[in-house]
Amino acid sequence: MIEFKSVRKKYGRKKVLQDVSFTAQKGNITCLIGINGVGKSTVLKAIMGLTPIDGGSILIDGMPVGKHIYEHVAYIPDHISMPPNMTVGASMQFMKDFYASWNEARAEEMLTFFKLKRSDRISELSKGNTAKLNLLHGLSLDVEYVLMDEPFSGIDAFSREQITEVFTSKLVEDRGVIITTHEINDIEHLIDEVVLLDNGFVKSQFNCEDMRMQEGKSVMDVMREVYIG
Amino acid sequence: MHAGEDSAELKFNSRDPVYLQVVRHFKEEIVTGRLQKGQVIPSRREIAGKLKINPNTAQKAYKEMEEQGLIVTEGNSPSRITTDEQVLSLIRSELITDAVEAFVQSIAKIQVPVDELLAIVKSKVERSYKQAAEEEQA
Amino acid sequence: MNRFWKLLHMEVSRFWKLYITLFAMTLLMQGGGILYVCNRYMQTVKDKMGPAASTYAQYAEEHGVVTFSDILSEAQLYFLAPIALCIGGMGLYVFLIWYREWMGKNMFIYRLLMLPTERRHLYVAKLSAILLFVIGLVAFQLLILPLESALFTSVIDQALRGSTESVTSIIQNHAFLQILVPRTFTEFVMYYGGGALFVIVMFTAILLERSYRLKGIAAGVIYVGAAVLLMIAPMLIMNRDMNDYLYPNEIFIIELTIAILIGMMSLAISFFLMNKKLSV
C-alpha cells in the first residue's frame, strides 16, 4: 500500500499540495484526476523521492521513501528520461545493468508487441514510439507498484489503443498502479479507485464500482459534482 | 465461435458497475445461443483485454457468474458455461422479465390499451429483428 | 560498488567524443605550431647565412644553437592555447556534467535519481570522471611531448641543434609544464589537490542551486566565497607585520588541513542535498 498522509509541498510561494492524504492498494489501478497544474505529477515525484516534500509523510508498504524503493516502485514520467542519442537497445541494457528487478523476457515481449527496433536512436522515435519505449522501461521491472504520469496524453489513437491494451494485460495485473490524468473518458472502465485532486487538496477518494453500485454515479458525475457543483 | 469476438463491440455505460454489465453481456450471449452450454469461455485475462477492462473487474465478473452458477471452473481447467438446464432457462426468463418489467414501468405512465400496445410492439420488434439479421449478413 | 563503476563508465563514454576532440585539437595545434616555428627558424637561418657563415655548423658557431625548449617558448601561443582550451573546456564541463542531466525534454536526472543505488555513487562517479579526464589530458600532453620533440629534430638540422634534452628537463625548463607535472609530492598535492578541491566546492554550489534554485545561487556564491576566504586566510594573517613567523611547510600543513576540512564539509553537504533536497 502506498500511503500519503497530510503531504504538503510548495514551489516558491505556490502551494501545490496543501493537505494530500490518500492510499493506493496493491492490485488496484488508482487514478489521480485533476486539471493540469493541480499537483498530480508532484504527487508521483514525491513518492519517488524526486522532489522533497515540506510536510506530512509518504509510506510505501510501511517504509519511507529511499533508495530501496526503486526495486519495488517504477515511475513512468510523461517523457522518456534517457539521453536522446542512446539507442533503444542501449537504453534497455542500461536498465538491465542497474536494476535487479529488470525482466529481460518481458522487455523482449513488449519490444515485439510495440514493434520497436533496438537500433533506433531515441531522438529519432515518433512521439507514440517514445511513449511506448518509456512504458517498456517502466513495465519491464518486476516491481509491486507502477506510477504513470499521463500515459495517454499527446499520442496518436493507435498508440493509445496499444497502451490501453497493456493496462488490461498481465503487465499491470497484481500490481498497484497509480496513474494521473486530466481526462477520464478513455479509461473510465479501466480504473478501480479515483482520487480527485483540486487546489492542493484531495476532494474525494472512492472506488468506481462501489460508486456505480451504491449511488449509480459515473466517475464523470462525481467529478461534475466536485468541480462544478 | 468465441464469446470475445462480438464482445469487442460491447459498449459500457458508465453508471452501472462494469462487472455487472459484463455478467449481463454473458447472459445475453447465452440466451441468444452465441454461447452454448458447456462451451469454454475466454480466461479472465483474455476477456479483460478484449473488453478493455481492468483484470480486477474481469475477475469480479467471473466470480459473480460462478456464484450465480452461470459458469463452472474445475481446478485449473478453463471456465465453461454451465450445462445445468435449470440455470440456463432461469437466465432466459430473468432477462425477459427484466426487460419487460422495465418496459411495463415506463409504458404504464401512458396507459395505452393492451391490444394497441401489443400491435405496436409486434411490428417494432419484427422490424428490429429484421434489421439485426440484415446487419449480420452484411 | 559495481553500479558505481557502471556509472563511471557511462560518464566516460558520454564525454568520449568531446574528449577525443580535445586530444586532436591539442595535437594539431601544438604539432602544427612547432612545425611552423621550426620551419620559420630554418628560413631565418637560411636568410641570414651569407659568405661568412655558409654552413649550418658555422652559423651555429656564430649565432648559437637552438633547443627544443627555445622552440617551445617561441611557439608559446600554439602550445598554450590548446592547453588553455582544455582547461576551459574541463572548467565548463564541471557544470555541464550536472546541468546536462536536467537539459532537454528527456531529463535524464529522473532516471539517475531513481537508480537503486546510493545517490552519492552518482556524485562520486561524476567527480572521478572529471579528475580522470584531467589526468588523461596531462598524460596525453606528456605522451605527445616526445612526438613534438621528434618534429623538432626532423626539421632543424642537427648542426643547429643544442644537446638533446630529456622529457624531464623539457618539463622543468617550462614554466607551465612544471605545474602540470610537479616535481615534488608537495607540489603535486598543492596543484592537483587544489584542483580537486575546486571541483568539489563547485559541485556543492551546483547542487545548492539545483536544490534551492534562485536562493541556491545565492547560497552557492556565498559558499564558494567562504571557501576561498578560508583558503587564503592564513596568507592574509601572515602578511601582516609581526606575525611573519611561519615556515613554508607550516603554512602548507595549515592550508592542507583547511582544504581537507572544506572538502569534507562540501562532500557532506553535497551528499545531504542529493539524498534529501535535490529536485528534478
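This is a short chat about how the parts of a predicted three-chain model meet.

Visitor: What should I know about the model before I look?
Guide: This is a predicted model, in which local features need pLDDT of at least 70 and side-chain atom pairs count only at pLDDT 80 or more, while totals for chains, interfaces and linings use all residues. Residues are numbered from 1 along each chain as its sequence is written, chains are lettered from A and ligands numbered from 1 in the order in which they are written, and side-chain values use heavy atoms, with hydrogens and water left out.

Visitor: Which chains touch with the most contacts?
Guide: Among the 2 pairs of chains that touch, chains A and C have the most contacts, where contact means heavy atoms within 4.5 Å. Chain B and chain C do not touch, and their nearest C-alpha atoms lie 28 Å apart.

Visitor: And how many residues meet between A and B?
Guide: Chain A brings 23 residues to that contact and chain B brings 19 residues. The area buried there is about 1,700 Å², with carbon and sulfur atoms giving 51% of it; buried area is the accessible area (1.4 Å probe) that two parts lose on being put together, summed over both. Thr168(A), His189(A) and Glu209(A) supply 37% of what chain A buries against chain B, more than any other three residues.

Visitor: Which side chains form a salt bridge there?
Guide: Asp221(A) and Arg15(B) do, at 2.5 Å from N to O, and the rule finds 1 salt bridge across this interface. The term stands for a side-chain nitrogen of Lys or Arg within 4 Å of a carboxyl oxygen of Asp or Glu.

Visitor: Changing topic, how is chain B divided?
Guide: Chain B has domain 1 (1-83) and domain 2 (84-138), with bounds that come from an automatic or database domain assignment. Their centres, taken over C-alpha atoms, are separated by 23 Å, and the contact between them takes 12 residues from domain 1 of chain B and 9 residues from domain 2 of chain B.

Visitor: What joins those two domains?
Guide: The rule finds 2 salt bridges across the interface of domain 1 and domain 2 of chain B. Lys27(B) forms a salt bridge with Glu94(B), their closest N and O atoms being 2.9 Å apart. The area buried between these domains is about 930 Å², of which carbon and sulfur atoms give 63%, and Arg24(B), Lys27(B) and Val31(B) supply 44% of the area that domain 1 of chain B buries against domain 2 of chain B, more than any other three residues.
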